[in-house]
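Colleague: I am new to this one and would love a friendly tour. Could you show it to me and take my questions?

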Amino acid sequence: MVGLDIYLNQYFASVRGGASLVFFEVVSFLGEWYSVAVFCFFMTLILLYWKEYRDLCILWAILFFGIVSSSIIKVLVDRPRPELAYIVETSKSFPSNHVVGVVIFWGFVFYLLNKYFSEKAMWLPGVTSWLFVFFVILMSLSRLYLGVHYLSDVIGGVFIGMIWLNVGIYLSRLVERA
C-alpha cells in the first residue's frame, strides 16, 4: 500500500494546477471543521423545527466522537503528511478528518432524508445513496489531489466514518422503537 500511496501522491503533484486546483481547494474547504459546523447549524435548525431531538443529539454525538476518535488515532499513528503537499497542514496524516466528517455528516443527513421522506418519494433512497458516494469520493479526491493525504489516509477516514455512521443509524433506529 505504501508504494501506491507514494505513486498517487507523485502523480497528483505532477498534474496539479489550473481550474482543477481551485475546484479541489473549494471541495476541501467544505470539509473543514468550520464548514461542517455551518452545515450542522442548519441541520440543527431543521431537526429542531421537525422536533426530532433524538436524531439531533445522535448527529452531534457521532460527529463529536468520530472526529475525537480520528484525532486520537492521528496522534497514535503519528504518520507525517506527504512531502508534495500543496497545502500546509499541521496535524498528522492518518486518517483524514475531512473524510471522516463528510462520511458521518452527509451519511447521517441522507439517512434522515430516507427515514422521513422515502415513503413519499420512492426514488429518494437511490438518489441519496449516489449523492453520499459522490460526496465521499469527491472529498477523498480533493485530499489526494491537494497532496495533503495518502490513499491509505482517506481509506482509513472512510472506514472510521462508516463505523460512527453505522453507530448513529443503529441508535436512531433504537430510539425510534423506544
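What follows is a conversation about this predicted model.

Colleague: How many helices and how many strands does the protein chain have?

Modeller: Reading along the sequence, you meet the pattern α-α-α-α-α-α-α. No strand appears in that pattern. The count for the protein chain is therefore seven helices and zero strands.

Colleague: How does the radius of gyration compare with what the globule rule gives for 178 residues?

Modeller: The C-alpha trace spans about 50 × 35 × 25 Å along its principal axes. For 178 residues the globule rule gives 16 Å, and the protein chain comes close to that, so it is as compact as a globular protein of that length. The radius of gyration itself is 17 Å.

Colleague: What share of the contacts with a separation of 6 or more joins residues 24 or more positions apart?

Modeller: Contact here means heavy atoms within 4.5 Å. Of the 178 residues, 43% are buried. Among contacts with a separation of 6 or more, the share from residues 24 or more positions apart is 78%.

Colleague: What part of the accessible surface belongs to carbon and sulfur atoms?

Modeller: The accessible surface of the protein chain comes to about 9900 Å². The part that belongs to carbon and sulfur atoms is 73%.

Colleague: And how far apart are the mean positions of the positive and negative charges?

Modeller: The protein chain has 12 positive and 11 negative charges. Taking the mean position of each set, the distance between the two is 6 Å.

Colleague: Why do cysteine 40 and cysteine 57 not form a bond, and how many disulfides does that leave?

Modeller: A disulfide needs two cysteine sulfur atoms within 2.5 Å. For cysteine 40 the closest cysteine sulfur is in cysteine 57, and at 13 Å that is too far for a bond. Looking from cysteine 57, the closest cysteine sulfur is in cysteine 40, again 13 Å away. The number of disulfides in the structure is zero.

Colleague: Is cysteine 40 buried or exposed, and what about cysteine 57?

Modeller: Buried means under 20% relative accessible area, and exposed means over 50%. Cysteine 40 has 2% relative accessibility, so cysteine 40 is buried. Cysteine 57 has 53%, so cysteine 57 is exposed.

Colleague: Which residues does tyrosine 86 touch, leaving out those up to four places away in sequence?

Modeller: Tyrosine 86 sits in the loop between helix 4 (53-77) and helix 5 (97-117), and its relative accessibility of 39% makes it partly exposed. Leucine 21 is 65 residues away from tyrosine 86 in sequence, yet their C-alpha atoms are 9.4 Å apart in space. The residues that tyrosine 86 touches are Arg16, Leu21, Glu25 and Leu146.

Colleague: Which residues are in contact with serine 28, leaving aside neighbours within four places in sequence?

Modeller: Serine 28 belongs to helix 2, which covers residues 18-29. With 2% relative accessibility, serine 28 is buried. Its contacts are His98, Met139, Ser142, Arg143 and Leu146.

Colleague: Which residues does isoleucine 169 touch, not counting those up to four places away in sequence?

Modeller: Isoleucine 169 is part of helix 7 (residues 151-177). Its relative accessible area is 14%, so isoleucine 169 is buried. Glycine 3 lies 166 residues from isoleucine 169 in sequence and 36 Å from it in space, C-alpha to C-alpha. The residues touched by isoleucine 169 are Phe108 and Tyr111.

Colleague: Is the peptide bond from phenylalanine 94 to proline 95 cis or trans?

Modeller: Most peptide bonds are trans. Proline 95 is in the loop between helix 4 and helix 5. The bond from phenylalanine 94 to proline 95 has omega near -5°, and its form is cis.

Colleague: What is the phi of lysine 51?

Modeller: Most residues other than glycine have a negative phi. Lysine 51 lies in the loop between helix 3 (33-49) and helix 4, and it is exposed, with a relative accessible area of 59%. Although lysine 51 is not a glycine, its phi is positive, at about 60°.

Colleague: And what is the phi of aspartate 78?

Modeller: Aspartate 78 is in the loop between helix 4 and helix 5. Its relative accessibility is 43%, so aspartate 78 is partly exposed. Phi is positive in this residue, which is not a glycine, with a value near 60°.

How values were computed. Residues are numbered from 1 along each chain as its sequence is written. This is a predicted model: local features need pLDDT of at least 70, side-chain atom pairs count only at pLDDT 80 or more; totals for chains, interfaces and linings use all residues. Side-chain values use heavy atoms; hydrogens and water are left out. Helices (H or I, at least four residues) and strands (E, at least two) are DSSP runs, numbered from the N terminus. The radius of gyration is taken over C-alpha atoms; the globule rule is 2.2 Å times the number of residues to the power 0.38. Buried means under 20% relative accessible area, exposed over 50%, partly exposed in between (1.4 Å probe, protein chains only). Accessible areas come from the Shrake-Rupley method with a 1.4 Å probe; for residues, only the protein chains shown count as cover. Lys and Arg count as positive and Asp and Glu as negative; His and the chain ends are not counted. The place of a charge is taken as NZ of Lys, CZ of Arg, CG of Asp or CD of Glu.
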